[in-house]
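Reader: I am new to this structure and would like to know what stands behind the terms used for it. Please show it to me, then take the terms one at a time.

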Amino acid sequence: MFFILILVGIILDQISKTLIFHIMAPRDIFPIISGVVHITRAENHGVAFSFLAGCPAVIFSISVIMIMAMIWVYVKYRRILATPTLIAVCLVLIGAGGNLI
């Protein structure tokens, strides 16, 4: 079930990115809850704040290492980890998997 949730998360991540890319112009803002939550289309060719932009091999390597580490944590500790920790591991896997696509 854990890996199915990750796959669904990656699929939803890619669908949302595709929709936003095709519907919104760069820097467009779409309010979800006015004044509280909004979607802004921004393109980032690196990782956080464009760090490592122009270094796709490094980003790929870090993503693969994170995926392997989180799968190891899940396999080794899944029976003793609290639910919030498992959710965090799942979200890291979704984010790292989305970066590979």
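Author: A residue is buried under 20% relative accessible area, exposed over 50% and partly exposed in between, with a 1.4 Å probe and protein chains only. Buried residues make up 21% of the 101 residues in the protein chain. This is a predicted model, in which local features need pLDDT of at least 70, side-chain atom pairs count only at pLDDT 80 or more, and totals for chains, interfaces and linings use all residues. Residues are numbered from 1 along each chain as its sequence is written, and side-chain values use heavy atoms, with hydrogens and water left out.

Reader: What makes up the secondary structure of the protein chain?

Author: It comes to 3 helices and 2 strands, in the order α-β-β-α-α along the sequence. Helices (H or I, at least four residues) and strands (E, at least two) are DSSP runs, numbered from the N terminus.

Reader: Why does Ser 63 count as buried or exposed?

Author: Ser 63 has 5% relative accessibility, so it counts as buried. This residue lies in helix α2 (residues 56-77). Leaving aside neighbours within four places in sequence, Ser 63 is in contact (heavy atoms within 4.5 Å) with Ala 96, Asn 99 and Leu 100.

Reader: Why does Arg 27 count as buried or exposed?

Author: Arg 27 counts as exposed because its relative accessibility is 73%. Arg 27 sits in the loop between α1 and β1 (29-33). Its phi is positive, about 70°, although Arg 27 is not a glycine.

Reader: Why are α2 and α3 called roughly parallel or roughly antiparallel to each other?

Author: α2 and α3 pack at an angle of about 155°, with their axes 9 Å apart. Axes are lines fitted to C-alpha atoms, for helices over the stretch in contact, and angles run from 0 to 180 degrees between N-to-C directions. Angles under 35 degrees count as roughly parallel, over 145 as roughly antiparallel, 65 to 115 as roughly perpendicular and the rest as oblique. α2 and α3 are therefore roughly antiparallel. The residues of their contact divide into 14 nonpolar, 3 polar and no charged. Here Ala, Val, Leu, Ile, Met, Phe, Trp, Tyr, Cys and Pro count as nonpolar, Asp, Glu, Lys and Arg as charged, and the others, Gly among them, as polar.

Reader: What is the angle at which the axes of α1 and α3 cross, and what is it called?

Author: The axes of helix α1 (residues 2-23) and helix α3 (residues 83-100) come within 9 Å and cross at roughly 45°. The two helices are therefore oblique to each other. Among the residues that meet are Phe 2, Ile 6 and Ile 10 in α1 and Val 89, Cys 90 and Ile 94 in α3. The residues of this contact divide into 9 nonpolar, 4 polar and 2 charged.

Reader: What makes up the largest nonpolar core?

Author: A nonpolar core is a set of buried Ala, Val, Leu, Ile, Met, Phe, Trp, Tyr and Cys residues joined through side-chain atoms within 4.5 Å. The largest one has 12 residues, including Phe 2, Ile 67, Tyr 74 and Ile 94. α1, α2 and α3 are the elements that give two or more residues to this core, and α3 gives the largest share, 5 residues. Not counting residues up to four places away in sequence, Ile 94 touches Leu 5, Ile 6, Gly 9 and Ile 10.
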